[in-house]
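Subject: Structure handover

Hello,

Here is the structure we talked about. My notes on it follow below.

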Amino acid sequence: MTRLVLGPFNRVEGDLEVALTLDAGRIVRAEVNAPLFRGFEQMLMGRDPRDALVITPRICGICSISQSAAAARALAAAMGLSPAPQGAAMAALIHAAENVADHLTHFHLFFMPDFARPHYAGRPWHTRAVDRFTAMEGGAQRAAVQARAELLHVMGLLAGKWPHTLAIQPGGVTRAPGPREKARLTATLRAFRRYLEGVLFGGPLEDFAAIETPEALMRWGRGDLGLFLEIAADLGLEALGRGSGRYLSYGAYPLDERPVFARGAWDGGLRDFDPQDIAEDLSHAWMKGGTRHPWDGVTEPDEAMAPPGYSWCKAPRLGGRGHEVGALARQVVDGHPLARAMAGGGVLARVAGRMLELARSQAVMERLVAGIEPGAAFMAKGALPREGRGAGLVEAARGALGHWLRIEGGRIAGYQIIAPTTWNFSPRDAGGVPGPLEAALEGLEIEGPGALAVQHVVRSFDPCMVCTVH
Amino acid sequence: MSQIETFYEVMRRQGITRRSFMKYCALTASALGLGPAFVPKIAHAMETKPRTPVIWVNGLECTCCSESFIRGAHPLAKDVVLSMISLDYSHTLMAAAGHAAEAALEETIQKYKGNYILAVEGNPPLNEDGMFCIVGGKPFVEQLKHAAQHAKAVISWGACASYGCVQAAAPNPTRATPVHKVITDKPIIKVPGCPPIAEVMTGVITYMLTFDRLPELDRQGRPAMFYGQRIHDKCYRRPHFDAGQFVEHWDDENARKGYCLYKMGCKGPTTYNACSTVRWNEGTSFPIQSGHGCIGCSEDGFWDQGSFYDRLTNIKQFGIEANADQVGMAAAGVVGGAVAVHAAISALKRAQKKTQEKAEG
């Protein structure tokens, strides 16, 4: 038995360490540690509830819109307020643009550069991978970074600035777009579609979104995505780091009561999802307290960092069981045939889920822009209660994000956040059951400390460690 | 390796054309507020000077500074700067991983001793011996001190490194501490903002690389060229402030007309930054343009100054016995829209004087 600590992982958002116990080259136990703690939940106590709109986005510079959206939804729920429909649509558009930008970042800057490393020299695709995806230099990366910057004009136009917007409010958005903005947004999205279809997908997005089986997916063969699929087939990424097959999605982009991508849980079939079934287990976290629902949750770090704790991360469970969240989870729950066929899959399934969502989200964004009514109300008025509570459940790029807010005497009396990577990279629970990443790593055969297999599995979840422990 | 390439060589190797290079020099000169005469100087410096290595480390932070840097900037400026500084060690962007990455950091430090710039994103938490932020098995504060020891200068990116930012908000659970309180024996340039504007980041770094010295700093240690004016001074909604036309509620009629957000809690009048001139996301917009007031994210302590949404109607802004409400009503009643012609005037006192003259005459 040997013990191996991998870390720090770079090219992930924030800090991460993975401790592996090996037996003859096989991982028998994996422990994920999020070694960064800031204490946002403590800072929010006693503040004006509206300040959550400014403070929580700063948990994370890459998915700050998701935090904004969750905070705004939690406040709206506490106020008993429904956002103006056009305001909700604009919040959805801003949010979708961020999620799409994140998927693009992940694929090009965080995930693919590993295949350009010398370790793979000699593989038939290696020269092309080097050309397209060498860190900070590859042709695909330059194109993606530029396309992303241009897509983020959506943020400029509607949200003022990115990262960390202030435009999303409980009642809607502060910016009422006029005909001029509508025209510019249309042009921005048209250019982004041209990039996606010309470079990344190498074909019409609708054709890709219409794929129903993994076999048809592997035959796609076009664009930078085609290169990835070729690599995936060669390295067997389908079987690498397989998931539990249990997925959770809070439903993305709520519009007129119904989200664009459906809400629910999946375990071999659709399951009813009740947010009351969520609880955070602290048995293996450096946190004091017992297992609680986020309404009554506390965040009190155990400064002694006593075992069996090994991470600052709490372990969220739904009905007592860990769930994988993210683009694949959303697409499985939403019922896309390709995603359903790939449920329970590993690295390939997670990346394919993201690509599927990229292709489908472009159409969603185009619909939202086409539906802009410049004269309509973009903000509904409401008042904060002295006492009350509200939950904001949204879907960030990396999966289910929840904010649970309690107000007493007009101030914040409780604020609990469960981020997507808190689900995916959770430590063990009281029953000793590992979190989704840990489970995906256990059983893996690796060839040594430089093992790229572990890198691929970890990165396939697109971890955001700064959100995980906040 | 003793011979370091020049900036120009690095750029050419990265496939940047001579034409783009010259264009970049012109862009830089104008961004830095220098005249056309400086363009050949910048070009000459970049053709002859060895490039300055940059080490970029991340502490307690949210990566928003890196995000701003890589996605916001003018494509040309970003391309050039990225290739120019080569980010010899960058936690978020580099290729290597794990121990190889740590080795790369050490190698860069040794190779360019006394010659590199250390760019810090985020800050070290000092509680519990720094255990709240661990990099490579050690507290981040140790990595920071180690890397700073042989640095020529330190850049504090963003509000975290400069002042502490939200993670230092009361009760500051981890005792997050700004860089200048930990590193005391090196020149430090603060580039605050949450995050800083991409063009400001590239501008600062270009200036340092090109002229091989620190830009002129204000008393707080910020580059004066970007932090010398208040948001309010160049805000496009300023005429409405002068005319006393204010938004009263989100999305009311006045909001649609683009009136001043001062009464919605806008901190533009007390915030020094370039948002209203340079703007965000390739010059598309900035928070006030999106209909929300400025929160003053480039000012020290912005996270603990009472609620962000407190209305600021009682501050005496005109230096006389009137608050914004009263001045507004008077101005609107007497001269109506006529005062809007003062849009370009930046100094508050001068604007006030002229307004009075107008009102009297």
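First, a definition: a residue counts as buried if 20 or more other C-beta atoms lie within 10 Å of its own. With that cut-off, both faces of strand β1 of chain B are covered. V54(B), W56(B) and N58(B) are buried on one side. I55(B) and V57(B) are buried on the other. Keep in mind throughout that this is a predicted model.

**More on that strand**

β1(B) covers residues 54-58, and 5 of its 5 residues are buried. Its pairing with strand β3 (residues 116-121) of chain B is parallel and runs over 5 bridges. Within β3(B), E121(B) is the bridge partner of N58(B).

**Chain B overall**

Chain B has 361 residues, of which 55% count as buried. It holds 15 helices and 7 strands. Take the contacts in chain B between residues at least 6 apart in sequence: 73% of them join residues at least 24 apart.

The domain assignment splits chain B into domain 1 (7-227) and domain 2 (231-360). Where they meet, 16 residues of domain 1 contact 14 residues of domain 2. On the domain 1 side, α9 (198-211) and α10 (224-227) of chain B are the elements that give two or more residues. That side is made up of 12 nonpolar, 3 polar and 1 charged residues.

There is also a cis peptide bond in this chain, between A170(B) and P171(B), with omega about 5 degrees. P171(B) sits in the loop between α8 (158-162) and β7 (188-191) of chain B.

**Where the chains meet**

The contact between the chains involves 65 residues from chain A and 55 residues from chain B. On the chain A side, α1 (40-44), α2 (52-55), α6 (139-151) and α7 (153-159) each supply at least two residues. α7(A) gives the most, with 6 residues. By type, the chain A side has 33 nonpolar, 18 polar and 14 charged residues.

**The core**

In soluble globular proteins, nonpolar side chains tend to be buried together. Here the largest nonpolar core has 258 residues. Which of them touch the most other members? They are L93(A), I94(A), A97(A), V154(A), L158(A), L118(B) and V120(B). Helix α4 (residues 85-111) of chain A gives the most to this core, with 16 residues. Each of domain 1 and domain 2 of chain B adds at least three residues.

Two residues are worth a look here. Leave aside neighbours within four places in sequence. L158(A) then contacts M90(A), L93(A), I94(A), A167(A), V173(A), R175(A), P177(A) and S290(B). M90(A) lies in helix α4 of chain A. On the same terms, M90(A) touches L158(A), V173(A), P177(A) and F378(A). M90(A) is buried, because 31 other C-beta atoms lie within 10 Å. Its C-alpha atom is 8.8 Å from that of I168(A), which is 78 residues away along the chain.

**Chain A: a sheet and a helix**

Three strands of chain A form an open antiparallel sheet in the order β1-β2-β3. β1 (2-6) and β3 (26-33) of chain A are at the edges, each with a single partner strand, so one side of each has no neighbour in the sheet. Ignoring direction, neighbouring strands of this sheet are turned by 20 degrees against each other on average. β2 (residues 17-23) of chain A pairs with β3(A) over 7 bridges, in the antiparallel sense. V18(A) stands opposite V32(A) of β3(A).

Helix α12 (residues 327-334) of chain A is largely enclosed by the rest of the structure, because 8 of its 8 residues are buried. R330(A), Q331(A) and D334(A) are among them. Just after α12(A), G335(A) takes a positive phi of about 95 degrees.

**Backbone points to check by eye**

- P307(A) and P308(A) are joined by a cis peptide bond, with omega about 5 degrees. P308(A) is in the loop between β11 (278-281) and β12 (315-318) of chain A.
- M305(A) is in the loop between β11 and β12 of chain A. Its phi is positive, near 50 degrees, and it is not a glycine. M305(A) is partly exposed, with 13 other C-beta atoms within 10 Å.
- Y253(A) is in strand β7 (residues 252-255) of chain A. Its phi is also positive, near 60 degrees. Y253(A) counts as buried, with 23 C-beta neighbours inside 10 Å.

Best wishes

Conventions: Residues are numbered from 1 along each chain as its sequence is written. Chains are lettered from A and ligands numbered from 1 in the order in which they are written. This is a predicted model: local features need pLDDT of at least 70, side-chain atom pairs count only at pLDDT 80 or more; totals for chains, interfaces and linings use all residues. Domain bounds come from an automatic or database domain assignment. Two residues are in contact if their C-beta atoms, placed from the backbone, lie within 7 Å. Helices (H or I, at least four residues) and strands (E, at least two) are DSSP runs, numbered from the N terminus. Ala, Val, Leu, Ile, Met, Phe, Trp, Tyr, Cys and Pro count as nonpolar, Asp, Glu, Lys and Arg as charged, and the others, Gly among them, as polar. A nonpolar core is a set of buried Ala, Val, Leu, Ile, Met, Phe, Trp, Tyr and Cys residues joined through C-beta atoms within 7 Å. A residue is buried if 20 or more other C-beta atoms lie within 10 Å of its own, exposed if 12 or fewer, and partly exposed in between; C-beta atoms are placed from the backbone. Two strands pair if DSSP finds at least two bridges between them. Axes are lines fitted to C-alpha atoms, for helices over the stretch in contact, and angles run from 0 to 180 degrees between N-to-C directions.
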